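Please open the model in your viewer and have the sequence panel ready beside it. The tour below moves from the whole chain to single residues, one selection at a time.

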Amino acid sequence: MDLWNLLLSQRLWFFIIMFIASSVILLTVVWFERKAAARVQMRVGPYHVSPWLGGYLQLLADAFKFIISEPIIPKGAHKILFVWGPAIFITLAFGASLLLPLTPELRLIKDVNLLPYGLVFSLVILLLVSISVVIIGWSVNNKFAYIGAVREALLVTAYEIPLILSFLAMAILYGTLNPIEIVNKQSLLVGAILNPLAFLVFIIATAMATARFPFEIADYEGDVATGPYSDYGGIFLVLSFAGGTYYATFSFSFFATLLFLGGWALPSYVVGPWPQDLLGHLVLAVWVFLKVTILMFLFAFLRAAMPVLRLDHTLILGWRGLLILGFIAVVWSIILRILGVVP
């Protein structure tokens, strides 16, 4: 491969765009989350760092402060898991999104026949993120971390099966696991309209999986002093509580965009082949990231508008509410499939 072909490689462009765009989106969402919470509580919120941007760069200053802080490993902690747990957490959280296509051409998986496996593995990796949180909590010699880890494990039992059912419902509806074909089948009606129950279950399960309000139960500061992350600081905190949770939300939102919101499908817009129509593919990528950002804004706003649910109430919601809705969503997809609503 010569230099010119390397510079125009879809994989290279995909990785660079995903890395830059996800970083910008996370910076924007965290800024919005802080500003929205501050506005509801009649505070100013981030301001002193870059006041001309409304404190937009405050997160970078906070991250820099944590990164240059001395990493401390508490006495009695499992050193290997304590050090590697946050790195595994953020790798799984961001890695899940890399298995999904950004546009028909911009993707890491080159073989089209392997794309269905990428979609399934992406969901599996997202479900493993919570397991890494449990490992992080177990590695800390701290009772608050243990309680937080147990809470996280219980939450997994509440949302995991409903999340899989919502995914299964859409797979039945589309009749394929190929994400390109899934997006193409949403050219007229998106999945969220065809099966709103599956979309609702997926969004609530995502909020549980990423500790978004009202499900910030495992790491709620008022109860368990950030739970699994209570003894973490410095770069470890940046990779886990401050970074991994938001990257997980990004990956879940990206997944939902392809499955329920039509992905890159833009009405009356036809994109040419890569790399001749490079600008066209960038337009589609921006369209996808816009939907991802809107979903993440929704999850961020919940922090300002919702209280924290009790653990037992959340488990009841998962086992008696989401589970039933998930089964109904599957039945609804089967009916639509039999009627031939989606070709």
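What follows is a walk through a predicted model, beginning with the overall view and then stopping at chosen residues.

**The whole chain**

Select the entire protein chain and show it as a cartoon, where 14 helices and zero strands can be traced, so that the order along the sequence reads α-α-α-α-α-α-α-α-α-α-α-α-α-α. If you turn the chain along its principal axes, its C-alpha atoms fill a box of roughly 55 × 55 × 45 Å. The radius of gyration is 21 Å, which agrees with the value near 20 Å that a compact globule of 343 residues would have.

Now switch to a surface display, and keep in mind that the protein chain exposes about 16200 Å², with carbon and sulfur atoms supplying 73% of that area. Of the 343 residues, 49% are buried. Among the contacts with a separation of 6 or more, 79% are between residues 24 or more positions apart. If you colour by charge, you can look for the 19 positive and 16 negative charges, whose mean positions are 4 Å apart.

**S130 in helix 5**

Select S130, which lies in helix 5, residues 115–139. Is S130 buried or exposed? Its relative accessibility is 1%, and S130 therefore counts as buried, the cut-off being under 20%. Add E152 to the selection and display both side chains, since a polar contact of 3.2 Å joins the side chain of S130 to the side chain of E152. Beyond its neighbours within four places in sequence, S130 is in contact with E152, V156, Y159 and A209.

**T249 and M296**

Next select T249, whose place is in helix 12, residues 244–260. T249 counts as buried because its relative accessibility is 3%. Which residues is T249 in contact with, once its neighbours within four places in sequence are left aside? They are T210, R212, M296 and F299.

From that list, move on to M296, which is found in helix 13, residues 278–305. M296 is buried as well, with a relative accessible area of 1%. Leaving aside neighbours within four places in sequence, the contacts of M296 are I25, L26, V29, Y246, T249, F250 and S253, so the selection leads back to T249 as one of them. Include I25 and draw a distance between the C-alpha atoms of M296 and I25, which are separated by 8.7 Å although these residues are 271 residues apart along the chain.

**Two loop residues with positive phi**

The last two stops concern backbone angles. Most residues other than glycine have a negative phi.

Select S50, which is found in the loop between helix 2 (10–40) and helix 3 (58–67). The phi of S50 is near 55 degrees, a positive value in a residue other than glycine. S50 counts as buried, at 5% relative accessibility.

Finally, select A211, found in the loop between helix 9 (196–209) and helix 10 (221–224). The phi of A211 is near 60 degrees, which is again a positive value in a residue other than glycine. With a relative accessible area of 11%, A211 is buried.

Conventions: Residues numbered from 1 in each chain as written. Predicted model: local features only at pLDDT ≥ 70, side-chain atom pairs only at ≥ 80, totals over all residues. Heavy atoms only, no water. Helix = DSSP H or I, 4+ residues; strand = E, 2+ residues; numbered from the N terminus. Buried < 20%, exposed > 50% of the residue type's maximum accessible area, 1.4 Å probe, protein only. Contact = heavy atoms within 4.5 Å. Rg over C-alpha atoms; globule rule 2.2 N^0.38 Å. Areas by Shrake-Rupley, 256 points an atom, 1.4 Å probe, with all protein chains shown as cover. Lys, Arg positive; Asp, Glu negative; His and termini not counted. Charge placed at Lys NZ, Arg CZ, Asp CG, Glu CD. Polar contact = N/O pair within 3.5 Å; in protein donor to acceptor, adjacent residues only side chain to side chain.
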